Amino acid sequence: MPTYEYKTKAKNVIDPAKNEYLSRPAVITKIKKLNSDVKHFSFEFPDQLPFIYKPGQFVQVSIFGLGEAPISITSSLEVGQGLELAVRSVGKVTKALHELKEGDEVFIRGPYGNFFPYQEYKGKDILFIAGGIGLIPLRSLINSILKQRQDYGKLWILYGSKCPADCVYIDELEKWSKLDGVEVLLTVDSATEGWKGNVGVVTTLFEKIEFNAENTIAYLCGPPIMIKFANVALEERGMDPSDVITTMEMHMKCGIGKCGHCALGHKYCCTDGPVFSFAELKTLGAEE
Ligand SMILES: Cc1cc2nc3c(=O)[nH]c(=O)nc-3n(C[C@H](O)[C@H](O)[C@H](O)COP(=O)(O)OP(=O)(O)OC[C@H]3O[C@@H](n4cnc5c(N)ncnc54)[C@H](O)[C@@H]3O)c2cc1C
């Protein structure tokens with residue numbers, strides 16, 4: 001049972017599933033530091049209404065008086081993790097979130113956006129490529145796919161970060177690496193003493209794996225420069241751009257296709273994305 005005391009005054013709770021504009025209170029039940037500027041937050045909803053989402057979707061987190069920030073869902077309902085987010089402290093809202101303690105309250109709208117297609121790829125080998133905090137949205141998908149492990153072929157998880165201290169979810173990467181048919185390869189741009197993984201950008205890990213491009217689906221999440229070079233390397237290895245799937249992090253405000261801040265060609269990142277295949281991004285002129 002949660003130990004916090006719920007203090008929100010709202011009495012007549014409207015079902016947020018019926019109103020996409022509605023924020024609902026969410027109480028922080030657990031905080032874990034992932035690295036020097038990223039924290040993992042677990043939440044509970046005092047209204048006790050269900051919160052249903054899919055891997056790849058995001059929420060708008062608001063802190064009164066400061067504003068909102070779109071944040072990807074990192075948990076997976078498939079494994080019953082409730083709602084978990086991981087946030088890098090970069091500005092107004094995210095810094096304020098990092099100041100909060102367990103038991104404090106934020107407001108959450110969503111879930112919004114489309115999601116990673118994966119149920120239709122049963123039988124395929126899966127290649128996850130993550131850079132830095134790109135592992136945050138992919139973690140949701142990885143755990144969902146691992147829940148149905150027998151339905152998929154071989155799994156590779158390639159993860160790159162700037163230095164060993166920047167890696168997030170290192171304990172989970174280790175856990176995943178011990179699973180049958182799952183290969184986890186780590187790389188850093190610059191190593192420190194004791195580092196046993198690869199040194200170099202994430203695409204240098206491609207040389208260490210053998211995959212059949214015709215039977216593989218690749219999911220990429222990371223900084224734009226990583227996405228760009230990983231996509232080129234995947235095409236060189238014969239991957240079809242429609243089998244390479246990524247998420248786009250555009251500046252956005254409303255999250256529901258009203259404000260136009262996140263226009264991507266004739267689409268909106270918030271409602272048509274944030275998940276796009278490279279084939280789609282090419283038609284939008286946004287593949288770089
Ligand atoms: C769909 C989506 C999912 C996201 N998921 C996550 C996540 O899981 N974890 C996470 O830590 N972050 C995530 N982000 C990024 C996050 O939304 C921004 O870092 C956040 O909005 C910053 O808000 P702030 O008020 O703290 O910063 P602000 O005070 O608004 O800005 C601080 C600085 O960061 C810049 N900035 C703000 N937002 C962005 C942006 N989207 N792209 C580039 N520069 C920006 C500003 O220009 C400014 O220089 C996601 C963004 C999107 C669109």
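Helices and strands here are DSSP runs, counted from the N terminus, with at least four residues for a helix (H or I) and at least two for a strand (E). All the views below come from a predicted model.

**View 1. The FAD-binding FR-type domain feature, as placed by UniProt.** An unreviewed UniProt entry puts the feature "domain: FAD-binding FR-type" at residues 21-118. Across residues 21-118, strand accounts for 46% of the chain and helix for 8%. The C-alpha atoms at the two ends of this stretch are 28 Å apart.

**View 2. The shell of residues around the ligand.** Here we zoom in on the ligand, which has 21 residues around it. Ala69, Ser72, Gly91, Val93 and Thr94 are the closest of these. Which elements each supply at least two residues of the shell? They are strand 4 (67-72), strand 5 (83-88) and helix 1 (92-99). Strand 4 gives the largest share, 5 residues. By character, the shell around the ligand has 13 nonpolar, 5 polar and 3 charged residues.

**View 3. Where domain 1 meets domain 2.** The protein splits into domain 1, residues 16-112, and domain 2, residues 119-247. Their C-alpha centres are 25 Å apart. Domain 1 brings 15 residues to the contact, and domain 2 brings 14 residues. On the side of domain 1 that touches domain 2, strand 1 (24-35) and strand 5 each supply at least two residues. That side of domain 1 is made up of 6 nonpolar, 7 polar and 2 charged residues.

**View 4. Strands 1, 2 and 5, with Lys39 as a landmark.** Strand 1 leads into strand 2 (residues 38-44) by way of a hairpin of 2 residues. The two strands run antiparallel and are joined by 7 bridges. To find your way around, look for Lys33, which sits opposite Lys39 of strand 2. Strand 2 also pairs with strand 5, again in the antiparallel sense, over 6 bridges. What is the bridge partner of Lys39 in strand 5? The partner is Val87.

**View 5. Strand 12, covered on both faces.** Strand 12 spans residues 244-247, and its two faces are both covered. Val244 and Thr246 lie on one side, Ile245 and Thr247 lie on the other, and all of them are buried. Strand 11 (residues 216-221) runs parallel to strand 12 and is joined to it by 3 bridges. Tyr219 makes a handy marker for this pairing, as it stands opposite Ile245 in strand 12.

**View 6. The four cysteines of the UniProt binding site.** An unreviewed UniProt entry lists a "binding site" at Cys254, Cys259, Cys262 and Cys270. They are spread over 17 residues of sequence but cluster in space, with a largest C-alpha distance of 10.2 Å. Cys259 belongs to the loop between strand 12 and strand 13 (263-264). Leaving out residues up to four places away in sequence, Cys259 touches Lys253 and Cys254. Cys259 counts as partly exposed because it has 13 C-beta neighbours inside 10 Å. Cys262 is found in the loop between strand 12 and strand 13 as well. Is Cys262 buried or exposed? Cys262 has 23 C-beta neighbours inside 10 Å, so it counts as buried. With residues up to four places away in sequence left out, the contacts of Cys262 include Met250, His251, Tyr268 and Cys270.

**View 7. Leu264 in strand 13.** Leu264 is part of strand 13. Leu264 counts as partly exposed because 19 C-beta neighbours lie inside 10 Å, and the cut-off for buried is 20 or more. Leu264 and Met248 are 16 residues apart in sequence, while their C-alpha atoms are 9.5 Å apart in space.

**View 8. Two cis peptide bonds.** From Gly110 to Pro111 the peptide bond is cis, with omega near 5 degrees. Pro111 lies in strand 6 (residues 105-112). The peptide bond from Gly273 to Pro274 is cis too, with omega near 10 degrees. Pro274 sits in the loop between strand 14 (267-268) and strand 15 (275-277).

**View 9. Positive phi values at Gln48 and Tyr169.** Gln48, a residue other than glycine, has a positive phi, near 60 degrees. Gln48 lies in the loop between strand 2 and strand 3 (58-63). Gln48 is exposed because just 8 other C-beta atoms lie within 10 Å. Tyr169 has a positive phi near 55 degrees and lies in the loop between strand 8 (155-161) and helix 3 (170-177). Tyr169 has 24 C-beta neighbours inside 10 Å and therefore counts as buried.

Key
Residues numbered from 1 in each chain as written. Predicted model: local features only at pLDDT ≥ 70, side-chain atom pairs only at ≥ 80, totals over all residues. Near = placed C-beta within 6 Å. Nonpolar A, V, L, I, M, F, W, Y, C, P; charged D, E, K, R; others polar. Domains from an automatic or database assignment. Contact = placed C-beta atoms within 7 Å. UniProt positions renumbered as here; feature names shortened; annotations may be inferred. Pairing = 2+ DSSP bridges. Buried ≥ 20, exposed ≤ 12 C-beta atoms within 10 Å, placed from the backbone.
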